[in-house]
Amino acid sequence: MSKEEEWQDDLAKFVKDKFGINPFPDQPQPQENKQEPAPPPSPEFHFKFDYTPKQVKEHLDKYVIQQDDAKKVLSVAVCDHYRHVQRCHREKHCGHYSKQNVVLTGPTGVGKTYLIKVIAELIGVPFVKADATKFSETGYVGGDVEDLVRDLIHKANGNLELAQYGIIYLDEIDKIASMSQQSGKDVSGTGVQRGLLKLMEETDVPTKSPLDMASQIQSMMEMQQNKKKDKTINTRHILFIVSGAFGGMKEVVRNRLRQSHAGFGAKLSSVVASSSKLLKEAKTEDFIEYGYEPEFIGRLPVRVHCEELTKKDLFSILKNSAGSIVRQMQDAFAAYNVELLFSDDGLHEIAEKALHEKTGARGLITVCEKTLRDFKFEIPSSEIKRFVVNKQLVDHPDDELKKMLENPSYSEEAFWAEQLKQRDVKK
Ligand SMILES: Nc1ncnc2c1ncn2[C@@H]1O[C@H](COP(=O)(O)OP(=O)(O)OP(=O)(O)O)[C@@H](O)[C@H]1O
Ligand SMILES: [Mg+2]
């Protein structure tokens, strides 16, 4: 084989491995790598959605504690949207419909992202989450808004039909409002809003990024061989959910309420005084004042507010949520055949400590992780087979671990006593 033939062979192998096509169709092919072609995708794709808002809310209740208003509003919006999508999917044409894109407001760690994740899992549609701050007007700080749509295709394992029914979740949306910038009008934030606006309404997005060299080479080769045309995906049925903490918004709402009361010489209402209720009162005009283009906020008609979580809520998340960190901790120890129980006083103590973290339910993970860190290290290689996380252990983890390691029956007794107690409660 000549040098040129060798080079051609190597290149053909590389392109075949990487893109699955033969760049020199007239030449004989190397014999290795002869693989069966992948089976063609199923020609019929069925999209089925037959939940009612109550069923969606009941499912959310298993995972998300509190946030009843948010759960109701989201259940209705999601059912409206996906019943419409289903109609369009079946009948191949659909009447006029205004999409129920959502703005979620509320402090950190209270379940905003979690709500949407649980909903997407229930419906079985792909879900993409990104921070609005990674985009800039012209595309690259870290990405182009259209990449969000292409990410949906990845999440749908290349199924374009499923991808066009996905959910795009954009966090930190408050950071692309022009008011959130210190130095006057923020042009870049407004530019990103315009880019998103197009996506939220309806546009065709190429499935291959114009900035991704590998996909562009693949496209060119496919076109040369007259195999396929470039594909696009339409965003008409993609549900957009944006969220943020909207710290500065309280002031905007307070000012509006103050002004509207001033004319009547009335006293400030309790709403104006209580800052926790202010975000719930936010109207379109407040979002515009905050720094959104009217066209942008107008395409997000559903507004949902998530409340701050109390200590009682945090306890309930630990005890009742199907996605509780407690189960995760139990699974981690079960991997070493160690049984773990949490007593109620232990859970209350974890909730109390988590409240001081001021990061919502995320504080629960921090506290559990910190409390049990040394236990995770020591116990798998000790004689201990079961123990209880109680108030004493949460308050003094080092002392308790020492006692357990010195005398394994210390933890056994506490474990069986706690198990009896929990059985009695269940009866
Ligand atoms: N209300 C809740 N019920 C049950 N679990 C919750 C709740 N809120 C938060 N969690 C737990 O805390 C984790 C973090 O919450 P989530 O990601 O939803 O926060 P967020 O509100 O989106 O915050 P941020 O504004 O910082 O993005 C979730 O994965 C979930 O395990
Ligand atoms: Mg979030």
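The legends below describe close-up views of the ligand sites in a predicted model.

**View 1. Residues around ligand 1.** Ligand 1 is surrounded by 15 residues, and those that come nearest are Ile65, Thr108, Gly109, Lys112 and Thr113. By residue class, the shell holds eight nonpolar, four polar and three charged residues.

**View 2. Polar contacts of ligand 1.** Two of the contacts shown involve the backbone: an N or O atom of Val110 lies 3.2 Å from an oxygen atom of ligand 1, and an N or O atom of Gly111 lies 3.0 Å from a nitrogen atom of the ligand. Arg362 contributes a polar side-chain atom, which lies 2.9 Å from an oxygen atom of ligand 1. On its own, ligand 1 has 630 Å² of accessible area, of which the protein covers 84%.

**View 3. Origin of the shell around ligand 1.** Helix α4 (residues 112–123) supplies three residues, the largest share of the shell. At the level of domains, at least three residues come from domain 1 (53–178 + 188–263 + 270–305) and at least three from domain 2 (311–426).

**View 4. The magnesium ion (ligand 2).** Thr113, through OG1, and Asp171, through OD, coordinate the ion at 2.0 to 2.7 Å. These two residues are 58 residues apart and link distant parts of the chain, with Thr113 in helix α4 and Asp171 in strand β5 (residues 167–171).

**View 5. Burial of the magnesium-coordinating residues.** Buried means under 20% relative accessible area. Thr113 counts as buried because its relative accessibility is 19%. Asp171 has a relative accessible area of 15% and is therefore buried. Thr113 also appears in View 1, among the residues that come nearest to ligand 1.

Conventions. Residues numbered from 1 in each chain as written. Chains lettered and ligands numbered in written order. Predicted model: local features only at pLDDT ≥ 70, side-chain atom pairs only at ≥ 80, totals over all residues. Heavy atoms only, no water. Near = heavy atom within 4 Å. Polar contact = N/O pair within 3.5 Å; in protein donor to acceptor, adjacent residues only side chain to side chain. Areas by Shrake-Rupley, 256 points an atom, 1.4 Å probe, with all protein chains shown as cover. Helix = DSSP H or I, 4+ residues; strand = E, 2+ residues; numbered from the N terminus. Nonpolar A, V, L, I, M, F, W, Y, C, P; charged D, E, K, R; others polar. Domains from an automatic or database assignment. Donors = N, O, S within 2.8 Å, 3.2 Å for Na, K, Ca; no water. Buried < 20%, exposed > 50% of the residue type's maximum accessible area, 1.4 Å probe, protein only.
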